[in-house]
Structures are given as C-alpha cells and as structure tokens.
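Student: I should like to learn how to read salt bridges and buried polar residues in a model. May we work through an example together?

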Amino acid sequence: VLEANLALNRRYWSHDDDAIFGAQNGLGNCLDALGRLDEALVLNREVYARRVATLSASHEDAILSGCNLAVSLGKLNRYEEAKTFLRDQLLPSARQTLGADHEFTLKIYMNLAMALWDSPGRTRDKLRLNRRAAKRLILYFNSGDDLLEAETIMQD
C-alpha cells in the first residue's frame, strides 16, 4: 500500500516535494520495521540527496534526513561510511545552521559515538569522542543535581 502511495505521489504530485518526502519516509520506516534494511537505505539516500538538492545541506529538513540515512547505515553495519558521513558532512552543517546544542546536532553526536563504538578497531581517540558526545547528551537532557552527577561521571 505504501509503495502504491509513493508511486501515486510521484505520478500525480511530482511537483510537491513534501508529499513525496512524506511517502518515502513512511515507506522507508515500514521497510526498516520489516527488516528490509537495504531497501530502506536506498530510500533514505534518495530522500537525503533530493532534500540537499532542493533545500541545501544546511536546511533543517535535510539534516534530519541525513540523520535517518546515518541510522540506516549503522543498522547495516556500514560504520566507516556512517562515520565519514556524520563527521564530514552532517555534523558541520548541523553545528553551523542549528547550533551545537540543537536536538538534531546532539542526535548526530550520538549517532557518531555509536558508530565509533560499534566499529571494529576502537581506539582511545574514538572512545574519547564517544565520551565527549555522551557528556554533551547528558548535560543537555539533565538538570540540577543530575547535571552535577553527570559532570562527575564524565570526568572519570
């Protein structure tokens, strides 16, 4: 049904990017849930490329699509590609456009930390980046006494 919806959107509403993006995201999420990860990755790549082409790499919607693409790469154990994409393309755009403490920027840090953690050949430098990303997330999501505790934990 979702594939038919996407086909109809492409045929009759080819001028409406939001309708096509919505249909692609819905289908991609469904494919992901069904374990059809390679197909979901193809859709996520297409959505990201099209959003960058129509909106720019620094647009919030393109950054969100990039986050979805990075998650797909991680689920397929394509850690090197995910790390390169997150570190070299997505993170600089998010930091410049949205700021270091924006929710999407923090998700990018988290995805990068997970890609570094899960990849073979972990090094001290990778683990330090993972720790910095975790610290940023903890600081962002906690307040008060939890914040002080998080700072103490992350100094270890």
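Tutor: Let us begin with a pair inside one helix of this predicted model. K83 and E80 both belong to helix α5, three residues apart, so about one helical turn separates them.

Student: What does K83 form with E80, and how far apart are the closest N and O atoms?

Tutor: K83 and E80 form a salt bridge, with the closest N and O atoms 2.6 Å apart. A residue is called buried when its relative accessible area is under 20%. K83, at 4% relative accessibility, is therefore buried.

Student: How many salt bridges does the rule give in total?

Tutor: The count is eight. One of them joins the side chains of R78 and D38, at 4.0 Å from N to O. R78 sits in the loop between α4 (60-75) and α5 (79-97), whereas D38 is in helix α3, so this pair ties together parts 40 residues apart in sequence.

Student: Are R78 and D38 buried or exposed, or something in between?

Tutor: R78 is partly exposed, with a relative accessible area of 34%. D38 is also partly exposed, at 46%.

Student: Which residue does E81 pair with in a salt bridge?

Tutor: The partner of E81 is R45, and their closest N and O atoms are 2.7 Å apart. Since E81 belongs to helix α5 and R45 to helix α3, the pair ties together parts that are 36 residues apart in sequence. E81 counts as partly exposed at 34% relative accessibility, and R45 does so at 33%.

Student: I should now like to consider a polar residue. Where is N44 found, and is N44 buried or exposed?

Tutor: N44 is found in helix α3, which spans residues 37-55. Its relative accessibility is 12%, so N44 counts as buried.

Student: Which side chain does N44 join through a polar contact?

Tutor: The side chain of N44 meets that of S72 in a polar contact of 2.5 Å. Leaving aside residues up to four places away in sequence, N44 touches N68, L69 and S72.

Student: How should these details be placed within the whole protein?

Tutor: Start with the secondary structure: the protein has eight helices and zero strands. Next, consider burial, where 34% of the 156 residues count as buried. The accessible surface comes to about 9,100 Å², and carbon and sulfur atoms hold 52% of that area.

Student: What share of the contacts with a separation of 6 or more comes from residues 24 or more positions apart?

Tutor: Such residues account for 52% of those contacts.

Note on methods. Residues are numbered from 1 along each chain as its sequence is written. This is a predicted model: local features need pLDDT of at least 70, side-chain atom pairs count only at pLDDT 80 or more; totals for chains, interfaces and linings use all residues. Side-chain values use heavy atoms; hydrogens and water are left out. Helices (H or I, at least four residues) and strands (E, at least two) are DSSP runs, numbered from the N terminus. Buried means under 20% relative accessible area, exposed over 50%, partly exposed in between (1.4 Å probe, protein chains only). Contact means heavy atoms within 4.5 Å. Accessible areas come from the Shrake-Rupley method with a 1.4 Å probe; for residues, only the protein chains shown count as cover. A polar contact is a pair of N or O atoms within 3.5 Å; within protein, one must be able to donate a hydrogen and the other to accept it, and residues adjacent in sequence count only if both atoms are side-chain atoms.
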